[in-house]
Amino acid sequence: MTEKTKNKIIIALLAALLAVIIALIVAIIVVIRYNEDIANVSSDIISSDVASNLDDNQPASSDASSSKIDTPSKPEIFVTPTGVELDANFGRLLLINADNPLPDDYDTKVREYLVEIDDKYRNNDYVTQIHKDVYPYITAMVAAAQADGVDLQVWSPFRSYAVQNDLFQRQVDRVGGDEALAATVVARPGTSEHNTGLCADFNMAQDRFENTEMYTWMCENAENYGFILRYPKDKQHITGVIYESWHWRFVGINNAKLINELGVTLEEFIEMKKFDPTIDMYGDDSATEQILD
Ligand SMILES: [Zn+2]
């Protein structure tokens, strides 16, 4: 064997050894990564199990202290596509319906919490105000929809008792004087969410809203801005109100996501969580962060 041939064999052996070492290193890395993935999946399952257990019948009083620690995965801040930062934990869960009317003086007291909605977000000059707690969320939502090329606009936000009474009486006339029947379509003054400024009708208060791209967009995105479809199909026996595709209520981002996840109405959610329906009556200084699991 010549010296040249010997060198060739040694080089070939070294190359083979190097290849084996590289293959071993790659195999070790793959095994480590795989184990890490398994560990992550397991901890995800554990934390979501814990979270869903906490969901069940947590008394309202313990929410604020415990759930923040137990569910760190809930986002605190949502940054909208148009760059607005929204507090995901803030919410308003005041329940208004025929069984839970507002006090008579609410109509006067709520005025100090109302702000004017800029006309680039609305298509109605008759009613133009919204609760200031809701303002950053509703304007961010409309701006995001418009940035997506969807012509979402606020049609009817806050309504005073006087405006509500006017609408209610018109509905009573429309149904031949049957007040109870009229109330399933237009709420009596003091029993309408519109009297709080925490909700809005969008674009039009008509059934055909359901067939618009605005409605489709809302179904996909409204919860990211804290809004829920307040009067869903087949829930009239719970809400007392007909299905209204155009009527959306602000409850807060994390609340909206949880309500949608549970597939419940606001009535059922308040009941489930054992909240006082008058929670955060006026908002602003009385509003607390609704930290829910
Ligand atoms: Zn409405």
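Author: pLDDT is the predictor's confidence in each residue, from 0 to 100. This is a predicted model, so local features need pLDDT of at least 70 and side-chain atom pairs count only at 80 or more, while totals for chains, interfaces and linings use all residues. Residues are numbered from 1 along each chain as its sequence is written.

Reader: What pLDDT does the protein average?

Author: The average is 83, and 80% of the residues score at least 70. Residues 37-71, though, fall below 50. Where pLDDT is low, the predicted coordinates should not be read in detail.

Reader: What makes α9 a helix?

Author: Helices are DSSP runs of H or I, at least four residues, and strands are runs of E, at least two, numbered from the N terminus. α9 spans residues 253-262, so it carries a helix label under that rule.

Reader: Why is Leu 258 called buried?

Author: A residue is buried if 20 or more other C-beta atoms, placed from the backbone, lie within 10 Å of its own (exposed: 12 or fewer; partly exposed: in between). Leu 258 is listed as buried in α9, so it meets that cut-off. The buried residues of α9 pack against β1, β2, β7 and α10.

Reader: What makes a set of residues a nonpolar core?

Author: Its members are buried Ala, Val, Leu, Ile, Met, Phe, Trp, Tyr and Cys residues joined through C-beta atoms within 7 Å. The largest here has 42 residues, and Trp 248 is among those touching the most other members. α4 gives the most to this core, with seven residues.

Conventions: Two residues are in contact if their C-beta atoms, placed from the backbone, lie within 7 Å.
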